[in-house]
Amino acid sequence: MGVSDHLYDRVYSGVRITLSEALNLWEEAPLAMLMYLADSMRRRLHPGNKVGWMIDRNVNITNICFSHCRFCNFCRTANSNDAYVTTDEEYDRKISELTAIGGDQLLLQGGMNPDLGLDFYTNLFSRLKRRWPDVKLHALGPPEVAWLARAEKMSYHDVLAALRDAGLDSLPGAGAEILSDRVRRIVAPAKATTAEWLGVMREAHRLNLPTSATMMFGHAETVEERIEHLILLRKLQDAKPEGHDGFVTFIPWPFMDRGTRLAEKDGIHSRVTAAEYLRLIAMSRLVLDNIPNLQSSILTVGKETAMISLHGGANDLGSVMIEENVVSAAGDPFRVDPETMRQIITDAGFTPVRRDQRYMPVEEQGN
């Protein structure tokens, strides 16, 4: 049925779109038009010609996890030969390497290890902050918080407050996958439900912990479920207390299927083309009118697609991420060093701006 000029005009003028309008745009609008509209919105939100990036390191606290998501090749059982919990000495080495190249954020994630309770995490965060007071801890995620709350018989609020008081600076949007319980029962049946994921984030926003939101797509979900995911994020962002950060960014990436049980046992393969990824980026920018930043996943889509996405709604290329283990266990991630990241952004026609987790500039590189 096509897209009406009236809808195009509404989108261009910045009027919030509904689920049905978003579906109409996804299914009927040419990609070039979606990218044009998304680029117009990005420029309204971020006047100028700047694109963000950062340096951080993803250190996995443990690879022991009871969840065993069907898209994950990283998790192990406690009796696996290669199971581990990262030691203090390993943290010191890894953080020293991070700070030596100018990085100041540690992304701490890993499995939901049933032997590690809240005291383990608060003690870990406190030790790291005493040893490395300037390093920001961007750690755990809603599934881990929901698990800890259940195990400790505590509220999400009290678990998050304890983690914050121990040194947690911000909460990643890990474990969102697709916010549809139908999909979650297929890809991650033991992980937090949609309501639990949103509930943890709601409490994080009340505590003014900056958070990110994510989406892993291209597996068992429908297009409508992708759009519903975005609408749920937008609705939760609307509810954050005034003056609080809420979601500072949205980060979608395609499912990486190499060697996963979803691919090998369920026959569900990665089906995201570059064009579909760009369509998702553009639609995310158009729907998420209240989440300020949109990060393109250069780690999973590579240089060329990431560069194009900067002209279709994205305003950030994420991190050089000097260590990453979970995504790379199921694919071949694209890695860059700081100078290459700056050059990619410059070659795309933008000014690279190094930033922190709150998307505040910490270093600026001009053309």
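Here are four short exercises on this predicted model, each with a worked solution.

**Exercise 1. Work out which residues have pLDDT under 50, and what that asks of a reader.**

Start with the whole chain: the average pLDDT is 90, and 89% of the residues reach at least 70. Now look for the dip. Over residues 324–331 the score stays under 50. The model still has 25 contacts for that stretch beyond four places in sequence. Don't lean on them, though: where pLDDT is low, predicted coordinates shouldn't be read in detail.

**Exercise 2. Find the strand order of the open sheet of 3 strands, then say which strands stand at its edges.**

First, the order: β6-β7-β8, paired in parallel. Next, count partners. β6 (211–217) and β8 (293–294) each have a single partner strand, so each has one side with no neighbour in the sheet. Last, zoom in on one pairing. β7 (residues 247–254) runs parallel to β8 and is joined to β8 by 2 bridges. Across that pairing, Thr 249 sits opposite Asn 293 of β8.

**Exercise 3. Describe the largest pocket: its volume, its lining and the elements that contribute.**

Take the volume to begin with: about 320 Å³. Then the wall, which has 17 lining residues, with His 46, Lys 50, Asn 293, Asn 315 and Tyr 359 nearest the centre. Two or more lining residues come from each of β1 (50–54), β10 (351–355) and β11 (361–364). Of the elements, β1 gives the most, with 3 residues. Finally, sort the lining by class: 8 nonpolar, 4 polar and 5 charged. Asn 293 links back to the previous exercise, as the β8 residue opposite Thr 249.

**Exercise 4. Explain what the salt bridge between Arg 131 and Asp 92 ties together.**

Check the distance first: the closest N and O atoms are 3.5 Å apart, and the cut-off is 4 Å. Then place the partners. Arg 131 belongs to helix α5 (residues 118–131) and Asp 92 to helix α4 (residues 88–100), so the pair ties together parts 39 residues apart in sequence. For context, the model's salt bridges number 21.

Methods:
Residues numbered from 1 in each chain as written. Predicted model: local features only at pLDDT ≥ 70, side-chain atom pairs only at ≥ 80, totals over all residues. Heavy atoms only, no water. pLDDT = per-residue confidence, 0-100. Contact = heavy atoms within 4.5 Å. Pairing = 2+ DSSP bridges. Helix = DSSP H or I, 4+ residues; strand = E, 2+ residues; numbered from the N terminus. 1 Å grid on protein atoms, 1.4 Å probe; cavity = no way out; pocket = protein on both sides within 12 Å on 5 of 7 lines; lining within 4 Å. Points joined across faces, edges and corners; volume = space filled by probe spheres on them. Nonpolar A, V, L, I, M, F, W, Y, C, P; charged D, E, K, R; others polar. Salt bridge = Lys/Arg side-chain N within 4 Å of Asp/Glu carboxyl O.
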